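User: I have a model open and want to learn how to read its features. Can we start with a metal site?

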Amino acid sequence: MNADLHCHSSHSDGVLAPAALAARAAANGVELWALTDHDNLGGLAEARAQADALGLPFLDGVEISVTWEGTTVHIVGLGIDPAHLQLERGLAAVRSGRDVRALRMAEALEALGVREAYASAMRHAGNPSLVGRSHFARVLVEQGYATDVSAVFRDYLVRGRPGYIEHEWTALERAVDWIRGAGGVAVVAHPGRYRMSGEQMHRLFEQFSAAGGEAIEVISGSHGEAAVRTFARLAREFGFHASRASDFHAPGESPVDLGAGERLPDGLQPVWLMPRLQHRLHQPA
Ligand code: AMP
Ligand code: MN
Ligand code: MN
Ligand code: MN
């Protein structure tokens, strides 16, 4: 099954509109698709309608920013009800700090010579309440500070680099609660991207499981072969279901296109076969 259960539209830090993403997913052979914009649900109606028109089964999704033991961790919610009030209010609270953070980021980048950093980032942000590091990264590429966004992140926008601003997102337990309250399944996004010791990763997975989390991404656009092996093993060890995700943001920018990753390794329980998600699936008539 070519399932791709994590990607971004212009409602967060992707560049394509939800309808264009749906068309790209269908053209790439995706058989089950979820849109998971950061901290907001604004693109779901358009994505769902276009998926339906194209005959593409669809799950409503979201990717929530969490701060856990001082590090940012992303929790994907799949099969959520986008009309759920507690989820929408929670996400509004998570979004509320982004603008002030962006102003501080702009100040730090302007001190390095970047011109009109805030206004320029806002021009890239399809959704002003979702301005984030990717929008600034695109500005720095435009102004010649680096050749691509991943180099901008490495040199400017990660902890320890001059354009990084510390930020406190929501708590792990809250994010999982909102997702479950809205009828969804909580998934740890791209675990291979976190700079954690094995011991800390175990603690994260224990707490995530205790909070009601049920799955982790095993295939991800940011996982190499070694990470796939590690997280396949940990999924079995913790009894987590396994997800498959490109984390696609933009043509020419994201390393893995929609639907283009490896298939799930054998012996894992695919998250999309969970009865609860089957129930939440939007199936074209
Ligand atoms: P923010 O939520 O504003 O802190 O931005 C996080 C986003 O930045 C992620 O969702 C990715 O889209 C992007 N990002 C983070 N690290 C990298 C990286 N090393 N290379 C490219 N994009 C990254
Ligand atoms: Mn992103
Ligand atoms: Mn993420
Ligand atoms: Mn993502």
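User: What geometry does the site of the manganese ion (ligand 2) have?

Analyst: Start with the rule. Donors are N, O and S atoms within 2.8 Å of the metal (3.2 Å for Na, K and Ca); water is not among the atoms, so sites may look incomplete. Four donors count as tetrahedral if all angles lie between 85 and 135 degrees; four count as square planar and six as octahedral if opposite donors are over 155 degrees apart and all others between 65 and 115; anything else is irregular. Here the manganese ion (ligand 2) has 6 donor atoms with angles of 52 to 153°, and its site is irregular. This is a predicted model: local features need pLDDT of at least 70, side-chain atom pairs count only at pLDDT 80 or more, and totals for chains, interfaces and linings use all residues; side-chain values use heavy atoms, without hydrogens or water. Residues are numbered from 1 along each chain as its sequence is written, while chains are lettered from A and ligands numbered from 1 in the order in which they are written.

User: Which residues coordinate the manganese ion (ligand 2)?

Analyst: Asp-13 (OD, listed twice), His-38 (NE2) and His-249 (NE2) coordinate it, at 2.1 to 2.7 Å. Along the sequence, these donor residues are spaced D-x24-H-x210-H. Asp-13 sits in the loop between strand E1 (3-4) and helix H1 (18-27), and His-38 in the loop between strand E2 (32-35) and helix H2 (44-54), so the pair ties together parts 25 residues apart in sequence. Helices (H or I, at least four residues) and strands (E, at least two) are DSSP runs, numbered from the N terminus.

User: Are Asp-13 and His-38 buried or exposed?

Analyst: Buried means under 20% relative accessible area, exposed over 50%, partly exposed in between (1.4 Å probe, protein chains only). Both Asp-13 and His-38 are buried.

User: Which residues are the protein donors of the manganese ion (ligand 4)?

Analyst: They are His-6 (NE2), His-8 (NE2), Glu-63 (OE) and Asp-247 (OD), lying 2.1 to 2.2 Å from the ion. Their spacing along the chain is H-x1-H-x54-E-x183-D. His-8 is in the loop between E1 and H1, and Glu-63 is in strand E3 (residues 58-68), so this pair ties together parts 55 residues apart in sequence. His-8 and Glu-63 are buried.

User: How far apart are the manganese ions (ligand 4 and ligand 2)?

Analyst: The manganese ion (ligand 4) and the manganese ion (ligand 2) are 4.4 Å apart. From ligand 2 to the manganese ion (ligand 3), the distance is 5.4 Å.

User: How do I read a helix? What span does H10 reach?

Analyst: The expected span is 1.5 Å times one less than the number of residues. Helix H10 (residues 225-238) has 14 residues and reaches 20 Å from first C-alpha to last, close to the 20 Å expected. Its buried residues include Phe-231, Leu-234 and Phe-238. The buried residues of H10 pack against helix H9 (198-211) and strand E6 (215-220). Gly-239 follows H10, with a positive phi near 70°.

User: What does the side chain of Asn-2 contact?

Analyst: A polar contact is a pair of N or O atoms within 3.5 Å; within protein, one must be able to donate a hydrogen and the other to accept it, and residues adjacent in sequence count only if both atoms are side-chain atoms. The Asn-2 side chain makes one with the side chain of Arg-244 (2.8 Å). Asn-2 lies in the segment before E1. At 4% relative accessibility, Asn-2 counts as buried.

Definitions and conventions:
Contact = heavy atoms within 4.5 Å.
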